[in-house]
Amino acid sequence: MERNQPMSEMQPETQSDELSTLLREFRDACPDGEPSINFTPAVWRGIAARRKSGAILRRWAEVCLVATAALALLLTLVVIPRFQNPQTETNAFVDNYVDVLRAADPVNEVSLLPGTETAVEPVRELE
Amino acid sequence: MLVDFELIEKAKNGDDAAFGQVIQAYRKRILGTIGRLLRKPEDVEDVGQEVFVRLYYSLDQLRTPEVFEPWLYRLTVNAAYDYLRRQKRRPEHRMSDLSEQQVMMADAMAGGKAQAEEVRRTKIRETVHGLLDKISEEDRILLMLKEVEGLSLKELEAVYNIKENALKVRLFRARQRVLKAFGREETAAMKTVLRDGPEQPEES
């Protein structure tokens, strides 16, 4: 190929070959660098640092796991049985207003109140 | 392979001394590859250290020692991607000025064959980086691994975990784009340098 041949007239194969040559030359122009003296110690420091942060994360995960298990146990043994057996609850939570009134004054029980129908006398027919 | 399979197995089983030997064997090659993939020599060692730290914690996932080198290249490529992504988020700091300065320093050097060779190498580096800027980061790294690092298609298949045909297509397209840029006038001077070899300094 002529040295002064314009680029546009270059054969594609030649260009491709020249590119390959350039890339090979690039490899030689950027040789493998010699690592510094601190390279390997820095790698081990990085490994140790990651191990430490991993251990902290693992510890947190364990704490969260134990807390979750304790909470689940608490729910199973204490809270859920309470909801399932409302008798054990105090009246303030279970009784309604009428029940509270009735309990407070059993003598003057209001007969028309719901739940007290049996106390109402049947209406007699006029004689 | 720069080390025995047995050494890889030992390192995989938690032998720190064996892992130290693996670092010794591969650090120069990995640093060289990273140096060619990135442009900031000051960051090459940091990325190289990250590669070996990742290797340490992922070695137990290596199926067989035979695929160790592609595995290491995959870690290298991923670390380089991560670095380049981080760099994209940061503003550029006088990159072009810096390289120009390097060229000027090289030019300013006194005559002599070694200096002339250094100037030529700097020009080659600048030209190749300029050409590879025309393609995407992924294609640039792929082309580098194939053309500069000399990895075979089989090895690249293991590195990228994609089919050989897909790799060939990507490589072909990347190369075509680079070739297009290479055909422009601005690289003509570079071609002359390639044909003629280093310029000889004038004897005084």
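**Exercise 1. Work out how far each chain can be trusted.**

Start with chain B: its pLDDT averages 81, and 78% of its residues score at least 70. Here pLDDT is the predictor's confidence in each residue, from 0 to 100. Bear in mind that this is a predicted model, in which local features need pLDDT of at least 70, side-chain atom pairs count only at pLDDT 80 or more, and totals for chains, interfaces and linings use all residues. Residues are numbered from 1 along each chain as its sequence is written, while chains are lettered from A and ligands numbered from 1 in the order in which they are written.

Next, look for the weak stretch of chain B. Over residues 93-97 of chain B the pLDDT stays under 50, and the model has zero contacts for them beyond four places in sequence. Two residues are in contact if their C-beta atoms, placed from the backbone, lie within 7 Å.

Now turn to chain A, which averages a pLDDT of 75, with 66% of the residues scoring at least 70. Among the elements of chain A, helix α3 (residues 91-94) has the lowest mean pLDDT, 57, and α2(A) the highest, 89. Residues 1-9 of chain A have a pLDDT below 50, and this stretch has seven contacts in the model beyond near neighbours in sequence. Where pLDDT is low, the predicted coordinates should not be read in detail.

Finally, for the complex, the predictor gives an ipTM of 0.73 and a pTM of 0.66.

**Exercise 2. Describe the make-up of the two chains.**

Begin with the elements. Helices (H or I, at least four residues) and strands (E, at least two) are DSSP runs, numbered from the N terminus. Chain A has four helices and zero strands; chain B has 10 helices and zero strands.

Then consider burial. A residue is buried if 20 or more other C-beta atoms lie within 10 Å of its own, exposed if 12 or fewer, and partly exposed in between, with C-beta atoms placed from the backbone. Of the 127 residues of chain A, 8% count as buried, and of the 204 residues of chain B, 32% do.

For chain B, add the range of the contacts: among those with a separation of 6 or more, 63% are between residues 24 or more positions apart.

**Exercise 3. Analyse how α2(B) packs against α1(B) and α3(B).**

Take the geometry of the earlier pair. Helix α1 (residues 5-12) and helix α2 (residues 16-37) of chain B pack at an angle of about 125 degrees, with their axes 7 Å apart. Axes are lines fitted to C-alpha atoms, for helices over the stretch in contact, and angles run from 0 to 180 degrees between N-to-C directions.

Classify the angle. Under 35 degrees counts as roughly parallel, over 145 as roughly antiparallel, 65 to 115 as roughly perpendicular and the rest as oblique. α1(B) and α2(B) are therefore oblique to each other.

List the residues that meet: Leu7(B), Ile8(B), Lys10(B) and Ala11(B) in α1(B) face Ala18(B), Phe19(B), Gln21(B) and Val22(B) in α2(B). This contact divides into six nonpolar, one polar and one charged residue. Ala, Val, Leu, Ile, Met, Phe, Trp, Tyr, Cys and Pro count as nonpolar, Asp, Glu, Lys and Arg as charged, and the others, Gly among them, as polar.

Repeat for the other pair. The axes of α2(B) and helix α3 (residues 41-58) of chain B come within 9 Å and cross at roughly 140 degrees. That makes α2(B) oblique to α3(B). From α2(B), the meeting residues include Phe19(B), Ile23(B) and Arg27(B); from α3(B), they include Val44(B), Glu45(B) and Phe52(B). The residues of this contact comprise 11 nonpolar, two polar and two charged.

**Exercise 4. Locate Asn161(B) and Lys168(B), and decide whether each is buried or exposed****.**

Asn161(B) sits in the loop between α8 (153-160) and α9 of chain B. Its phi is near 60 degrees, a positive value in a residue other than glycine. Asn161(B) counts as exposed because it has 9 C-beta neighbours inside 10 Å.

Lys168(B) lies in helix α9 (residues 164-182) of chain B. With 12 C-beta neighbours inside 10 Å, Lys168(B) also counts as exposed. The C-alpha atoms of Lys168(B) and Leu153(B) are separated by 8.0 Å, although the two are 15 residues apart along the chain.

**Exercise 5. Characterise the contact between the chains.**

Count the participants: 29 residues come from chain A and 34 residues from chain B. On the side of chain A that touches chain B, α1 (12-29) and α2 (39-84) of chain A each supply at least two residues. The largest share of that side, 12 residues, comes from α1(A). By type, the side of chain A that touches chain B holds 14 nonpolar, eight polar and seven charged residues.
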